[in-house]
Amino acid sequence: MIIRYNEQLQPYNSFRTKATAKMFCEPVSMAELSEITRTFPDEQKLVLGSGSNLFFTKDFDGLVIKPAIKGIHILSETDDFVEIEAGAAEDWDEFVAYCVKNGYAGIENLSLIPSSVGASPVQNIGAYGTEARDVIAKVKTIALQTGDYQEFSNEKCQFGYRDSIFKRTGLYVITSVVFKLEKSFQYKEKYIDLRRELEGIPSPTLMQVRETIIRIRNRKLPDYKVLANAGSFFKNPILTEEEKVQLQQKLPDAPIYNAGEGTFKTSAAFLIDKAGYKGKREGMVGTYTHHSLIIVNYGTESGSEIVDFMHKIQQEVQQQFGLLLEPEVGIY
Ligand SMILES: Cc1cc2nc3c(=O)[nH]c(=O)nc-3n(C[C@H](O)[C@H](O)[C@H](O)COP(=O)(O)OP(=O)(O)OC[C@H]3O[C@@H](n4cnc5c(N)ncnc54)[C@H](O)[C@@H]3O)c2cc1C
């Protein structure tokens, strides 16, 4: 197993910030992964996927592990369902394309999310009314501290909104994910943007749904390969009843959605707009003109500049509306 020293991490994060890793490796199998964690028990470790939900503010004084485990296999199949396993290093959107092409339904709404398969359970990726947890049957891992194999059922993953046991603990490397997908497809309406776009198509096919989502996303979101970013920078705040009432007094038109168990969700993008940060740029960092939730990097290589800008948005939103915006993006 090759370990590279002082590896530049700029190519490995979609915000393109500069930092080096003391050690960097790309294990291609569970055995290699297990061996590497056992060889360096005392090193601080960071698992990296395709780097589209994190950036660096300083050098990483430890071991960066970027799993290179590939492969897509059907594990079992009935007339109605297929259980399919994909390696952590598979590209998420290529996996979605493969499933759609083969008529396996359940992840088409997650088309074009930049991700590795291995990162998909970490923050329980979601879009257009679908979340990864809806279709994940099992997650296979190696524990970072012991190098031991451990399997998680859907329930054991403790999925939440952009959350899971993997994100909360940071203790596991996901090696592969098993998805349970449907072999028949009937379009169910889950999201208003999608409904508008599909108007005139009474029974859209799986492929038509995927193509429509790709079209909407290409229109709304900046291409991170051209304008560096990490997607939605903040989570949408979850509010108690009391916080909801307070927010409605300050912003009567704030969008409020039921988030279950007596809680409510509001839109972080709306709060950022109202705080005066819509399309605002300071130096080399700003919010994307068409979508305030996305912080874009116009050319800095320093993660600290992005963090400074993030703090300004947080302070302004907190001062004006009494809510703390929590970053969705990982900052290292
Ligand atoms: C333009 C754009 C649009 C986006 N749109 C969406 C969206 O619609 N919905 C959404 O949910 N997200 C979205 N995101 C965020 C991002 O795509 C997801 O968070 C994605 O899952 C990150 O995958 P990654 O492989 O790049 O992970 P990374 O950024 O490399 O890592 C993210 C986190 O997962 C951990 N991790 C990565 N791989 C593993 C592994 N194998 N085992 C254990 N931990 C691991 C890392 O340690 C880190 O904590 C978007 C990002 C961009 C840039």
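This is a tour of one predicted model, stop by stop.

**Before you start**

Residue numbers start from 1 along each chain, in the order its sequence is written. Because the model is predicted, local features need pLDDT of at least 70 and side-chain atom pairs count only at pLDDT 80 or more, while totals for chains, interfaces and linings use all residues.

**Stop 1: the domains**

Colour residues 4–65 as domain 1, 72–220 as domain 2 and 228–331 as domain 3. These bounds come from an automatic or database domain assignment. The centres of domain 2 and domain 3, taken over C-alpha atoms, are 26 Å apart. Four residues from domain 2 and five residues from domain 3 make the contact; two residues are in contact if their C-beta atoms, placed from the backbone, lie within 7 Å. On the side of domain 2 that touches domain 3 there are one nonpolar, one polar and two charged residues. Here Ala, Val, Leu, Ile, Met, Phe, Trp, Tyr, Cys and Pro count as nonpolar, Asp, Glu, Lys and Arg as charged, and the others, Gly among them, as polar.

**Stop 2: the ligand shell**

Select the ligand and the 34 residues around it. A residue is near a molecule if its C-beta atom, placed from the backbone, lies within 6 Å of it. Gly49, Asn53, Gly118, Ala119 and Gly231 come nearest. By class, the shell holds 19 nonpolar, 15 polar and no charged residues. Next show strands E3 (45–47), E8 (126–127), E12 (172–182) and E13 (228–232), each of which supplies at least two residues of the shell. Helices (H or I, at least four residues) and strands (E, at least two) are DSSP runs, numbered from the N terminus.

**Stop 3: helix H8**

Move to residues 303–321, which form helix H8. This helix of 19 residues reaches 27 Å from its first C-alpha to its last, close to the 27 Å expected at 1.5 Å a residue; the expected span is 1.5 Å times one less than the number of residues.

Which residues of H8 are buried? They are Gly303, Ile306, Phe309, Ile313, Val317 and Phe321. A residue is buried if 20 or more other C-beta atoms lie within 10 Å of its own, exposed if 12 or fewer, and partly exposed in between, with C-beta atoms placed from the backbone. Look down the axis of H8: the buried residues fall within an arc of 125°, so they line one face of the helix. The arc is that of the directions from the helix axis to the C-beta atoms. On the face turned away from the buried side, find the exposed residues His311 and Gln319.

Now add what covers the buried residues of H8, including helix H6 (241–250), helix H7 (268–277) and strand E19 (291–297). Just after H8 comes Gly322, with a positive phi near 70°.

**Stop 4: Tyr288**

Select Tyr288 in strand E18. Tyr288 is partly exposed, with 19 other C-beta atoms within 10 Å. Leaving aside neighbours within four places in sequence, Tyr288 is in contact with Pro222, Asn229, Ile294 and Val296. Lys278 lies ten residues away along the chain, and its C-alpha is 7.7 Å from that of Tyr288.

**Stop 5: helix H5**

Go to helix H5, residues 206–220. Its 15 residues should span 21 Å at 1.5 Å a residue, and its end C-alpha atoms are 21 Å apart, which agrees. Leu206, Val209, Arg210, Thr212 and Ile213 are buried. Down the axis of H5 these buried residues fall within an arc of 165°, so they line one face. Asn218 and Arg219 are exposed on the other side of H5. Helix H2 (92–101) and helix H4 (192–197) are among the elements covering the buried residues.

**Stop 6: helix H1**

In helix H1 (residues 30–39), select the buried residues Leu33, Ile36 and Thr37. Their arc, seen down the axis of H1, is within 95°, so they line one face of the helix. Their cover includes strand E2 (20–25), strand E5 (60–65), strand E10 (136–143) and E12.

**Stop 7: two positive phi angles**

Most residues other than glycine have a negative phi. Asn6, in strand E1 (residues 4–8), has a positive phi of about 50°. Asn6 counts as exposed, with 10 C-beta neighbours inside 10 Å. Arg162 also has a positive phi, near 50°, and lies in the loop between strand E11 (149–153) and helix H3 (165–169). Arg162 is partly exposed, with 18 other C-beta atoms within 10 Å.
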